[in-house]
Amino acid sequence: MASKKNNKNNATPKAPWGKLTPEKKRMLLLGSASAFFGLVALAVGVFWLPDSNRPRITPQTVAQGKALFQANCAVCHGEEGIGQDPANPKGGMSNDGKFVAPSMDKNGHAFHHPESALFETIKNGSMASDSPMRGWANRLKDEEIWALIDYIESLWPPELLQFYRANISTKS
Ligand code: HEC
C-alpha cells in the first residue's frame with residue numbers, strides 16, 4: 001500500500017483513464033453525460049412534465065412567494081391565503097354586492113385553474129374590470145409571480161397537489 005502512495009504528485013494509483021486515447025475518453029464522457037441527463041429527464045417526466053417556461057420550485061421560491069403574499073395579497077386573500085371571508089372561501093359577491101377575495105388553499109378554487117391562468121390573473125388582473133383583483137405586472141417580476149404560485153401550491157395537501165399536477169396544472 002505505502003509504495004503505491006509514492007507515485008508522482010501523491011495522487012491515487014494510476015487510473016486506467018490515463019491510458020485511454022483522447023477519442024475513447026470523449027466517447028466515455030459523452031456516454032456518461034447522456035446517461036445522466038437521460039435519468040434526470042426520466043425522473044422529471046415520471047413526476048411531472050413542467051411547463052417549459054416555468055421556473056423550478058425550490059424551498060427558496062416558496063419562501064419568497066410567502067413573503068410576497070404576506071406583503072401584497074394577504075390584505076384581501078387573508079393570512080396564509082384563507083380568504084377574505086373564511087366562512088365563504090370560494091369568494092364571489094357579498095350580500096351588499098362587493099367582491100369577496102377567495103381563499104387560495106384547498107377550500108377555494110385556485111386549484112381548478114391551470115398555472116397559466118393563475119399567472120395571467122396575477123399578472124394582468126381579473127377579467128372583470130370592476131374586480132378589486134388588478135394586475136401586478138408593473139409591481140412584480142414574472143419570477144416573483146411564479147414564486148407566488150409556488151407558495152399558493154404549497155398550501156395544498158399532497159393529494160390535491162398530485163391531482164393538480166396530473167390533471168390541471170399544465171392545461172391551457
Ligand atoms: C384588493 C384586494 C385584492 C388584492 C390585494 C389581491 N387580490 Fe387576488 N383577488 C381578489 C378578488 C376579489 C378576487 C376574485 C374576484 C375576481 O376573480 O375578479 C381575486 C382573485 C384572485 C385569483 C383567482 C383565484 C381563483 O380561484 O379564481 C388569484 C390567483 C389571485 N387573486 C391571486 C392574488 C395574488 C397572488 C395577489 C397578490 C400579489 C392578489 N391576488 C392580490 C382581490 C385581491
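These notebook entries record what I looked up in a predicted model of a protein with a ligand.

**Entry 1: overall make-up.** I began with the secondary structure and found 7 helices and 2 strands in the protein. I then read the elements from the N terminus on, and their order is α-α-α-α-β-β-α-α-α. I next looked up burial: of the 172 residues of the protein, 19% count as buried. I also looked at contacts between residues with a separation of 6 or more, and residues 24 or more positions apart account for 52% of these.

**Entry 2: the ligand.** Which residues come nearest to the ligand? I noted C73, C76, S126, S131 and M133, out of the 23 residues around the ligand. The elements that give two or more residues to this shell are α4, residues 74-77, and α5, residues 115-124. I sorted the shell by class and recorded 14 nonpolar residues, 9 polar residues and no charged residues.

**Entry 3: α5 against α6.** I turned to the packing of α5 with helix α6, which spans residues 142-154. Their axes lie 10 Å apart, and the angle is about 120°. I therefore describe α5 as oblique to α6, since an angle from 65 to 115 degrees would count as roughly perpendicular and one over 145 as roughly antiparallel. I recorded the crossing of the two helices, α5 and α6, as right-handed.

**Entry 4: residues of that contact.** Which residues of α5 meet α6? I listed E115, L118, F119, I122 and K123 on the α5 side, and I145, L148 and I149 on the α6 side. By class, this contact has 6 nonpolar residues, 2 charged residues and no polar ones.

Key
Residues are numbered from 1 along each chain as its sequence is written. This is a predicted model: local features need pLDDT of at least 70, side-chain atom pairs count only at pLDDT 80 or more; totals for chains, interfaces and linings use all residues. A residue is near a molecule or strand if its C-beta atom, placed from the backbone, lies within 6 Å of it. Helices (H or I, at least four residues) and strands (E, at least two) are DSSP runs, numbered from the N terminus. Ala, Val, Leu, Ile, Met, Phe, Trp, Tyr, Cys and Pro count as nonpolar, Asp, Glu, Lys and Arg as charged, and the others, Gly among them, as polar. Axes are lines fitted to C-alpha atoms, for helices over the stretch in contact, and angles run from 0 to 180 degrees between N-to-C directions. Angles under 35 degrees count as roughly parallel, over 145 as roughly antiparallel, 65 to 115 as roughly perpendicular and the rest as oblique. A crossing is left-handed if the near helix is turned anticlockwise from the far one by less than a right angle, and right-handed if clockwise. Two residues are in contact if their C-beta atoms, placed from the backbone, lie within 7 Å. A residue is buried if 20 or more other C-beta atoms lie within 10 Å of its own, exposed if 12 or fewer, and partly exposed in between; C-beta atoms are placed from the backbone.
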